[in-house]
Amino acid sequence: MIYLDNAATTPLAEAVQKAMEPFLTSIYGNPSSTHTAGRQARQAVERARRTIASWLDCDPRDLIFTSGGTEADNAALVGAYLGRQQSRKHIVASAIEHHAVLHTLSFLESLGAEVTLVPVDRYGLVDPANVVRCLRPDTALVSVMAINNELGTIEPIEEMARLVKRHDPQIIVHSDMVQALPVQRIGLVQTDIDMATFSAHKIHGPKGIGLLYVRKHTPWQPLLYGGNQEQKRRGGTENVAGAIGFAAAIDVLARHFDDHVAHLVSLRDVFWASLADVPGVHRLSPPDAAPSILNVAFDGVRNDVLLMRLDLEGVMASAGSACTAGSLEPSHVIQACGLGHVREAVRFSFSWQNTIDEMKQAARVVKECVQLIRSRFTVS
């Protein structure tokens, strides 16, 4: 099996599993309990928070553990809207945001919000000047992802945040940084970003644990109530083992970051070089995309057919976000870019655990499958 769907999720790293094991067995206290077992759990959670904050270059007190990136996105947007809805009801976002953002915005519209979606170019790039042009006196929030999860497009999020704040310092700036975490050094304190979201399972950490960064003094209201956990910003018993796993994954990432990114570049380049001579192949990802994601299309080859064939041959990829798996709807990202390959686009995504030999073998399988499908099917 060759796993090339790492943008959907990554295998749990061995070091992460080892770090989590004691907190799944012997260290089982509730972090809110005052006895010894509870204090042990609380100390572990706070160590994890400090470890992650050190890598993200932010105040640990500004980090809120969540159940994942989707909850973090929901909490960021809804919380910011609730914090400002008395005076500001307008929200600006890009047209290619993850559905965790877009669907939340639809919900907020049902509560009275007005949403403007900023268009993108053929590579999915958001022009910061277009974002500024969409701002209104009643704009409460701007949300633009750091790296697109389907194309790998690297958005100029820091420039955008700077321009938005220059236009109106009261506007809250949020960025979904789930796909950025594996490939970018993120220094939050040095930016004008007020809120950011992260997820552990994109960096070989566990599923079920994410983070919401909320800069101090940002107008924001929590969504979950019922306890004093996370400084009263998210009620509910903390996922102790998950937090430990997230920190362990961050530790691995930090210690090997430059080598991992260089390896991803090599993986992506070898894989694409092996496919570039296929007749009718199109590289949909921009040339300067994040090295973890490569989106390609093959003329006359439906992506659902190709993915099923690849799966039978032991190569796993996707047609876009895993959160829309099984959907017959074409990718909203590919559509927003104005590309003519909505039924053909396939996303291959890589991690540091992949090898160069896997890239060569997978490319060979892809080429064989494309040839086989073209001999039997055409795009309808």
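Q: A salt bridge is a side-chain nitrogen of Lys or Arg within 4 Å of a carboxyl oxygen of Asp or Glu; how many of them does the structure hold?
A: The structure holds 18 salt bridges. It is a predicted model in which local features need pLDDT of at least 70 and side-chain atom pairs count only at pLDDT 80 or more, whereas totals for chains, interfaces and linings use all residues. Residues are numbered from 1 along each chain as its sequence is written, and side-chain values use heavy atoms, without hydrogens and water.

Q: What makes Arg61 and Asp59 a salt bridge?
A: The closest N and O atoms of Arg61 and Asp59 are 2.8 Å apart, which lies within 4 Å, so the pair meets the criterion.

Q: Why is Arg61 called exposed, and what does Asp59 count as?
A: Arg61 has a relative accessible area of 54%, so it is exposed (over 50%), while Asp59 at 26% counts as partly exposed, in between that bound and the one for buried (under 20%; 1.4 Å probe, protein chains only).

Q: How do you know that Glu71 and Arg234 are buried?
A: The relative accessible area of Glu71 is 19% and that of Arg234 is 16%, so both fall under 20%. Their closest N and O atoms are 2.5 Å apart, and since Glu71 lies in helix H3 (residues 69–84) but Arg234 in the loop between helix H7 (229–232) and H8, the salt bridge ties together parts that are 163 residues apart in sequence; a helix here is a DSSP run of H or I with at least four residues, numbered from the N terminus.

Terms used:
Helix = DSSP H or I, 4+ residues; strand = E, 2+ residues; numbered from the N terminus.
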